[in-house]
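Okay, thanks everyone for coming. I'd like to walk through one structure today, so have a look at it while I get going.

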Amino acid sequence: MTTEALLHENRIFPPDPAFVSQANISGMAAYQALCAEARQDANAFWGRLARENLYWHRPFTRVLDESNPPFLKWFEDGLTNASYNCLDRNLQNGNAKKTALIFEADDGTVSRITYQELYHRVCRFANGLKALGVKKGDRVVIYMPMSIEGVVAMQACARIGATHSVVFGGFSAKSLQERIVDVGASALITADEQRRGGKSMPLKVIVDEALALGSCEALKHVIIYQRTGSAIPLLSGRDHWMHDVEANQPDNCEPEWVSAEHPLFVLYTSGSTGKPKGVQHATGGYLLWAALTMKWAFDIKPADIFWCTADIGWVTGHTYIVYGPLAVGATEIVFEGMPTYPDAGRFWDMIARHRVSVFYTAPTAIRSLIKAANAAPATHPGNYDLSCLRLLGSVGEPINPEAWMWYYKNVGGERCPIVDTFWQTETGGHMITPLPGATPLVPGSCSLPLPGIEVAVVDEAGHDVPNGQGGILVVKRPWPAMIRTIWGDPERFKKSYYPDELKGYYLAGDGAIRDKDTGYFTITGRIDDVLNVSGHRMGTMEIESALVSNPLVAEAAVVGRPDDMTGEAIVAYVVLKQARPVGDEAKKIATDLRNWVSKEIGPIAKPKEIRFGDNLPKTRSGKIMRRLLRVIAKGEDVTQDVSTLENPAILQQLKETL
């Protein structure tokens with residue numbers, strides 16, 4: 001779907017009057033009133049919301065400190081605790097016996113835990129961490145499967161003031177080691193294995209490989225959740241079973257009251273350079289936004305069963321599994337498996353069985369399930385009772401209009417609004433999204449910014465561009481959930497997000513365009529060398545570095561091309577240290593290189609396509625012309641001026657090479 005086609009989307013779906021009548025933000029007038037309040041006095045607006053939505057052990061006296069831009073501080077002198085806000089408050093307001101989490105394992109086994117039970121588990125584990133010497137300000141890496149234990153680990157770190165850094169369980173030993181070293185972790189929480197698609201996959205073995213790579217001297221303790229019971233080696237004094245750490249610990253743990261600016265977590269995301277960026281989020285502002293967006297975008301109600309299908313290794317799982325739902329007293333589904341196991345009806349079956357009312361998933365999953373339903377009609381959502389649904393959400397990447405329509409008709413029964421949410425690891429929560437009780441919906445558009453978020457489309461000098469003209473997406477004013485810095489690298493933070501030419505605006509790194517008539521935003525893709533594959537951000541430099549580290553590879557260039565299933569696919573152009581391979585030899589080397597990237601970074605970074613060339617298209621100064629490689633990857637003819645190329649004939653070779 002081209003940008004032009006998106007812009008001419010003329011299907012509009014007004015909110016249902018019955019939904020509007022009960023919505024937390026009811027009607028466009030209510031939305032506009034909140035936006036006007038924020039514009040009139042932003043500090044008063046955010047201060048009011050922070051007092052109304054969070055518990056403060058010591059109230060803040062100052063909303064925003066802008067004395068050292070772009071290093072801004074929100075509610076800094078206020079003392080709070082994220083775990084207290086997610087757990088203790090629910091015990092006090094009558095939710096003690098309410099189900100907090102419904103966990104469904106890969107094999108379909110279901111377990112539930114109430115707020116009271118979750119509170120006790122978190123407290124016992126928090127006390128166990130303290131007994132091992134983990135304290136406020138320490139960093140703890142979490143490398144775990146989707147599980148109640150993963151939520152317990154994150155909440156326990158927050159309870160004692162330790163900063164957690166969750167690493168997705170699909171990352172390789174090297175990727176894990178890089179993050180352990182960068183964040184300076186003193187402890188690591190993992191599992192023996194994880195289960196996915198009927199298979200067991202190692203976690204503790206990968207942890208041991210990561211630590212064997214070196215430079216992890218600060219890490220003193222490895223705590224292991226016994227998920228499958230497989231035999232794993234334990235290092236005496238360093239390795240501990242999670243159940244032993246919890247055993248005999250008190251059921252209560254006084255929270256560590258921290259400044260609102262205390263780092264709650266560091267989460268690594270790909271940048272346009274090879275080294276991942278540790279996005280640092282503060283406790284107060286982040287948690288406020290997690291709670292507000294649950295109420296605003298998801299219109300959450302006490303009776304809702306909320307299911308976000310993300311993994312806790314990504315920011316979506318942080319905000320909309322571990323913190324947001326618990327901060328508002330919701331019941332959240334935690335799912336270990338995959339949408340196509342044991343068949344492609346798994347999501348729909350789970351929605352029907354658990355009576356899910358608010359469902360939040362990725363366009364990649366929707367597109368794969370459309371394809372599966374066409375191939376196996378028994379897995380079509382129409383075969384399941386989805387009458388429990390009242391709201392749908394989309395996350396991770398722009399959703400193409402036809403996938404939106406399928407989702408709307410076949411999953412939502414043409415009665416459920418779809419909140420197409422645009423946001424990032426760095427923003428902590430939704431930024432641009434329809435409000436289900438207010439915003440008319442347009443397939444493929446994330447529509448309008450949330451109250452208090454002032455976004456714009458500008459040119460490279462920071463000047464606003466007219467509606468209907470593409471440009472760079474920026475945020476003009478600060479908001480509480482914004483990234484505070486890149487862990488250990490403040491200069492990179494400034495350069496990445498606040499370039500001088502943008503006049504102090506936050507650079508989102510995405511291109512966007514606003515509709516001439518509605519003013520709705522459509523995201524057009526990354527403007528830097530970061531790919532978005534199935535909602536996962538990966539730096540091209542990161543993948544190129546992995547390829548070049550293979551002894552066979554002399555040079556590599558990585559680009560993205562549109563893909564019907566994953567949104568964007570990774571295409572790698574490789575020059576070997578030997579003659580360019582052809583035929584079966586090329587296939588074998590390509591397979592070996594894909595597996596190499598999987599080992600270096602993780603399976604999500606595997607190139608979908610590898611093309612071999614005698615060299616790469618370069619200017620006379622030696623710069624690789626990636627824009628030409630993108631054209632070739634799309635299967636299009638190169639029509640741009642190639643007069644600056646040193647070796648224009650290479651384009652034809654790369655075009656022919658598959």
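Before the first stop, one cut-off: when I say contact, I mean heavy atoms within 4.5 Å. And keep in mind that this is a predicted model.

With that in hand, let's start at helix 14. What covers the buried residues of helix 14? The cover includes helix 13 (346-354), strand 18 (358-361), strand 19 (391-394), helix 15 (401-411) and strand 29 (567-576). The buried residues themselves are Pro 363, Thr 364, Ala 365, Ile 366, Arg 367, Leu 369, Ile 370, Ala 372 and Ala 373. A quick sanity check on geometry: helix 14 has 13 residues (363-375), and at 1.5 Å a residue they should span 18 Å. The end C-alpha atoms are 18 Å apart, so that agrees.

Strand 29 leads us to a sheet. Three strands make an open sheet in the order 28-29-30, and the pairing is mixed. Strand 28 (553-563) and strand 30 (609-612) are at the edges with a single partner strand each, so one side of each has no neighbour in the sheet. On average, neighbouring strands here are turned by 25° against each other, ignoring direction. Strands 29 and 30 run parallel and are joined by four bridges, and Val 571 stands opposite Glu 609 in strand 30.

Then there are helices on this sheet. Helix 18 (residues 583-600) packs on it, touching strand 28, strand 29 and strand 30, and its direction makes about 125° with that of strand 30. Helix 17 (residues 540-548) lies across strand 28 and strand 29, at about 145° to strand 28.

Next, another sheet. Four strands form this one, open again, in the order 21-22-24-25, with antiparallel pairing. Strand 21 (455-458) and strand 25 (521-526) are the edge strands, each pairing on one side only. The average turn between neighbouring strands is 45° in this sheet, direction ignored. Strand 21 is joined to strand 22 (residues 471-475) by four bridges, and Ala 456 has Val 474 in strand 22 as its bridge partner.

Now for charges. How many salt bridges does a search of the whole structure find? It finds 38. Arg 121, Arg 124, Glu 149, Glu 246 and Asp 251 are linked in a network of them. Arg 62 pairs with Asp 65, with the closest N and O atoms 3.6 Å apart. Is Asp 65 buried or exposed? Asp 65 is buried, because its relative accessible area is 13%, under the 20% cut-off. Arg 62 is partly exposed at 48%.

The pair I'd linger on is Asp 208 and Lys 204, whose closest N and O atoms are 2.9 Å apart. Both sit in helix 9 (residues 204-212), four residues apart, about one turn of the helix. Why does that spacing suit a pair? An α-helix has 3.6 residues a turn, so residues three or four places apart point the same way. Lys 204 is buried at 0% relative accessible area, while Asp 208 is partly exposed at 23%.

Last stop: Arg 238, in the loop between strand 11 (221-225) and strand 12 (239-241). Leaving out residues up to four places away in sequence, Arg 238 touches Lys 204, Asp 208, Leu 211, Lys 220, His 221 and Val 222. Its side chain also makes a polar contact with the side chain of Asp 239, at 2.7 Å. With 17% relative accessibility, Arg 238 counts as buried.

Key. Residues numbered from 1 in each chain as written. Predicted model: local features only at pLDDT ≥ 70, side-chain atom pairs only at ≥ 80, totals over all residues. Heavy atoms only, no water. Helix = DSSP H or I, 4+ residues; strand = E, 2+ residues; numbered from the N terminus. Buried < 20%, exposed > 50% of the residue type's maximum accessible area, 1.4 Å probe, protein only. Polar contact = N/O pair within 3.5 Å; in protein donor to acceptor, adjacent residues only side chain to side chain. Expected span 1.5 Å × (residues − 1). Pairing = 2+ DSSP bridges. Axes fitted to C-alpha atoms, helices over the stretch in contact; angles between N-to-C directions. Salt bridge = Lys/Arg side-chain N within 4 Å of Asp/Glu carboxyl O.
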